Amino acid sequence: MTDAYLSRIGKLIRDARQHRGWTQSQLADALGTSQSAVNRIERGNQNISLDMIARIGEALDSEIVSLGYAGPMHLRVVGGRRLSGSIDVKTSKNACVALLCATLLNAGRTTLRRVARIEEVYRILEVLASIGVRHRWINDGNDLEILPPAELDLGAMDTEAARRTRSVIMFLGPLLHRMDHFKIPYAGGCDLGTRTVQPHMTALRHFGLEITATDGTYHAQVDRSVSPTRPIVLTERGDTVTENALLAAARHDGVTVIRNASSNYMVQDLCFFLEELGVRVEGIGTTTLTVHGVATIDRDVDYAPSEDPVEAMSLLAAAVVTESELTIRRVPIEFMEIELAVLEEMGLDHERSTEYRADNGRTRLLDLTVRPSKLRAPIDKIHPMPFPGLNIDNVPFFAAIAAFAQGQTLIHDWVYDNRAIYLTDLNRLGADVKLLDPHRVLVEGPTRWRSAEMMCPPALRPAVVVLLAMMAAEGTSVLRNVYVINRGYEDLAERLNSVGAQIETFRDI
């Protein structure tokens, strides 16, 4: 290779390493080489083989540093292994993306602690960076520092990154205070069927926002003479709808009442963060929020989002289906109490520690030890409800648990048009899952799991459910194209391996 190519490759490697938040020493450890060798590679002063380029690309999970097009990532799972030890729950994906959108409210510096390093976060960061928001990973890549510019450049928005996440819809609430007209791409993310954005438009219309949707773009116009004159009643008690209304109300110089609001975990984290910004929010944890907004926010703030109850449920389900004794630490119990009550009725053997507070000082946590249990199907159907009911995103994990249990379980996933359909993928692994209609499945257990090779479902939670079933199945399974899992989980395979799983990440070369 010429010196010019070595220099260009070195810069790509450096950028990919920094994007992941690794030091040169961490990359060196992953490659089995020295920090000085990595330093020479990044400066373009080291000859580098094609094999080493491929290894670096795999270590950094980067398609920038790769041999040609690296292609999608796959998982090879050796199942039938018992898990043991303890594992920590990471911070909430959904809270982190909401907080990233909320940083657009603040002219000051925002530091977010232990941010989930997942594809959904990376996509939002790419969008923010493209419009002028600076960010950097600090403290060995654990924390994230964000500093918005005085003026945003929405014309330079990375539309490709924006279309790959649903979270970009939450730009509407903050942006309506910063400019009179703007546009953002249609929201993307999981394939969960048609989900209307009309509830967002209805809520934000109270702040003068009018949307015209054409050519894959939302065109927004703001009428500054319009402001809420009465309580805003959300037509859907959705999480992102509530968050968008909160983001709009935060910089409305007055009092906004939001009724039929979600009180779910990510909404509470956003409310706690808004309070750090000087916005008073009454009614946190209820369905009526009263927001005392401020016209200007310019504060240096430091906030730690709480742990993810859906990841906690994922880890609990992993322990159940692999018949393992596993301690799951830092479980946000107030958002899993219904799930545990249902599992207790099914016969789950578990032990809870004394409760303690999350780093945000508000959310209740505990450590949960799950033991091998003989489960029976629940008498009632499994169905989600808004908080404090069974969490919508925890419903799919009951499909794997029900397949493990004795008897028939009816699962009614009424929120999403198509998600229940993806649960029938468990049949490829030996389960007996009958699709009754687009929202209901009947699961017959217990299951004699078997290994298989299959494509990853295009929806996040069903994809992880398939992975957990593969962990329970004797033999070697392959789950192909797992980008959707990386959208919502940080280093899931590696972390499961740390407690006894055997999951290998690979790409087709």
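## Around Phe-171

Start with Phe-171. Skipping its neighbours within four places in sequence, Phe-171 is in contact with Cys-101, Leu-104, Ile-124, Val-127, Leu-128, Ile-131 and Met-157. Keep in mind that this is a predicted model.

## The nonpolar cores

Phe-171 also belongs to a bigger picture. It is listed with Phe-182, Leu-316, Leu-479 and Ile-485 as the residues having the most contacts inside the largest nonpolar core, which has 155 residues. Helix H16 (residues 460-472) supplies the largest share of this core, with 11 residues. A separate core of 15 residues lies apart from it, and its members include Ile-9, Ile-13, Ala-28 and Ile-56.

As background, nonpolar side chains in soluble globular proteins tend to be buried together. Here, buried residues make up 57% of the 509 residues in the protein.

## A three-stranded sheet

Now for some strands. One open sheet has three of them in the order S6-S8-S7, and the pairing is antiparallel. Strand S6 (181-185) and strand S7 (209-214) each have a single partner strand and stand at the edges, so one side of each is left without a neighbour in the sheet. From one strand to the next, the twist averages 25°.

How many bridges join S7 to strand S8? There are six, and strand S8 covers residues 217-222. At the level of single residues, Thr-214 has Thr-217 in S8 as its bridge partner.

## Cysteines

Looking for disulfides? A search of the whole structure turns up zero. Take Cys-96: the closest cysteine sulfur is in Cys-101, and at 11 Å from the sulfur of Cys-96 that is too far for a bond. Cys-101, by the way, is one of the residues in contact with Phe-171.

Is Cys-96 buried or exposed? Cys-96 is buried, with a relative accessible area of 1%. Cys-456 also counts as buried, at 10% relative accessibility; the cut-off for buried is under 20% relative accessible area.

## The overall fold

Zooming out, the protein has 18 helices and 23 strands. Its C-alpha trace spans about 70 × 65 × 45 Å along the principal axes. For 509 residues, a compact globule would have a radius of gyration near 23 Å, and the protein has 23 Å, so the two agree.

What about contacts along the chain? Of the contacts in the protein with a separation of 6 or more, 73% are between residues 24 or more positions apart.

Technical notes. Residues are numbered from 1 along each chain as its sequence is written. This is a predicted model: local features need pLDDT of at least 70, side-chain atom pairs count only at pLDDT 80 or more; totals for chains, interfaces and linings use all residues. Side-chain values use heavy atoms; hydrogens and water are left out. A nonpolar core is a set of buried Ala, Val, Leu, Ile, Met, Phe, Trp, Tyr and Cys residues joined through side-chain atoms within 4.5 Å. Buried means under 20% relative accessible area, exposed over 50%, partly exposed in between (1.4 Å probe, protein chains only). Helices (H or I, at least four residues) and strands (E, at least two) are DSSP runs, numbered from the N terminus. Contact means heavy atoms within 4.5 Å. Two strands pair if DSSP finds at least two bridges between them. Axes are lines fitted to C-alpha atoms, for helices over the stretch in contact, and angles run from 0 to 180 degrees between N-to-C directions. A disulfide is a pair of cysteine sulfur atoms within 2.5 Å. The radius of gyration is taken over C-alpha atoms; the globule rule is 2.2 Å times the number of residues to the power 0.38.
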